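Visitor: I'm new to this one, so could you put it up and walk me through it slowly?

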Amino acid sequence: MYDIAIIGAGPAGASAALFAAKAGKKTLVLDNDKSMTKRAWMENHYSVMEISGPDMLETGKKQASKFGAEIIEEKAVNIVKLDTGLRIETENSSYEAKHVILATGALVDLAENAGLKTKPGTEPRIKTVIDVDSNGKTSIDGIWAAGTVAGVSVHTIVTAGDGAKVAINVISELNGERYVDHDVLKG
Ligand SMILES: Cc1cc2nc3c(=O)[nH]c(=O)nc-3n(C[C@H](O)[C@H](O)[C@H](O)COP(=O)(O)OP(=O)(O)OC[C@H]3O[C@@H](n4cnc5c(N)ncnc54)[C@H](O)[C@@H]3O)c2cc1C
């Protein structure tokens, strides 16, 4: 049983996985390599002068893997509630986790299959999003959402930030107290 399973390894999902794995949580990431960010070129991502979408995606996955996140290239097709957590079903397999974070970008088919409450999107070119509260909680307990699919502005600094915010909320719920991840500059 994973502590946290994240569906999507775009800026929102990989950022969430980085925080979850770095907090020592057993973290799984499922991704089917259809990120819109693959077509992007960023000159407005704070603290990075310029970066291509493919480089950003690769670096994000490397950061999460460095702290132990397991990244598996598979498509999640359904999420089923269990007494002890949630089962994520993919085309060829299934995984169990205490919490699941959906970071599926502009794609809501998994959310709809899982029976999550959705609503019309308000950002340009985003048709439907998952209905979440300010913490990222969805209509099904244990399932959270972050990034584009949670209705935030479709910019990498915002979606990556939202992924981090939601992961910190899930970690805090698992730990029973607010979580902080600060490293200190040595010397
Ligand atoms: C042409 C273009 C140019 C852009 N330029 C900029 C820019 O200059 N600056 C900027 O800030 N932003 C830019 N963006 C927007 C940027 O790409 C998005 O803001 C954003 O980062 C989206 O992140 P995300 O993690 O929410 O979604 P995505 O990056 O789309 O990631 C979602 C991931 O979820 C996976 N997934 C979905 N469903 C499933 C499933 N069922 N099972 C497994 N995996 C699944 C997908 O494969 C994908 O990898 C641009 C976007 C485009 C299209």
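Guide: Let me begin with some vocabulary: helices (H or I, at least four residues) and strands (E, at least two) are DSSP runs, and they are numbered from the N terminus. This is a predicted model, in which local features need pLDDT of at least 70 and side-chain atom pairs count only at pLDDT 80 or more, while totals for chains, interfaces and linings use all residues. Residues are numbered from 1 along each chain as its sequence is written, and side-chain values use heavy atoms, with hydrogens and water left out.

Visitor: OK, what lines the largest pocket?

Guide: Its lining is made up of 35 residues, and those nearest the centre are Ser35, Met36, Thr104, Gly105 and Ala106. A pocket here is an open set of points on a 1 Å grid over the protein atoms alone, where a 1.4 Å probe fits and protein lies on both sides within 12 Å along at least five of seven lines; a lining residue has an atom within 4 Å of a point.

Visitor: And which helices and strands supply at least two residues of that lining?

Guide: Helix 1 (11–22), strand 3 (41–42), helix 3 (109–113) and helix 4 each do so, and helix 1 gives the most, with 3 residues.

Visitor: Switching topic, how many salt bridges are there?

Guide: The whole structure has 12 of them, where a salt bridge is a side-chain nitrogen of Lys or Arg within 4 Å of a carboxyl oxygen of Asp or Glu. One of them pairs Glu70 with Lys26, whose closest N and O atoms are 4.0 Å apart. Because Glu70 belongs to strand 5 (residues 70–72) and Lys26 to the loop between helix 1 and strand 2 (27–30), this pair ties together parts that are 44 residues apart in sequence.

Visitor: Where do Lys62 and Glu58 lie?

Guide: Both are in helix 2 (residues 53–66), 4 residues apart, which is about one turn of the helix, and their side chains meet in a salt bridge of 3.1 Å, N to O. Lys62 counts as exposed because its relative accessibility is 54%, whereas Glu58, at 44%, is partly exposed; the cut-offs are under 20% relative accessible area for buried, over 50% for exposed, and partly exposed in between (1.4 Å probe, protein chains only).

Visitor: What about Asp109, what does it pair with?

Guide: Asp109 forms a salt bridge with Lys75, with the closest N and O atoms 3.3 Å apart. This pair links distant parts of the chain, since Asp109 is in helix 3 and Lys75 is in the loop between strand 5 and strand 6 (76–81), 34 residues apart. There is also a network in which salt bridges that share partners join Lys22, Asp181 and Asp183.

Visitor: Let's go inside: is Val129 buried or exposed?

Guide: Val129 is buried, because its relative accessible area is 3%, and it sits in strand 10 (residues 128–130). Apart from neighbours within four places in sequence, Val129 is in contact (heavy atoms within 4.5 Å) with several residues, among them Val108, Pro120, Thr148 and Gly151. The C-alpha atoms of Val129 and Gly151 are separated by 5.5 Å, although the two residues are 22 apart along the chain.

Visitor: Last one, what does His99 touch?

Guide: Not counting residues up to four places away in sequence, His99 touches nine residues' worth of surroundings that I would name in part, including Asp3, Leu86, Trp144 and Leu174. His99 lies in strand 8 (residues 94–102), and it counts as buried because its relative accessibility is 9%.
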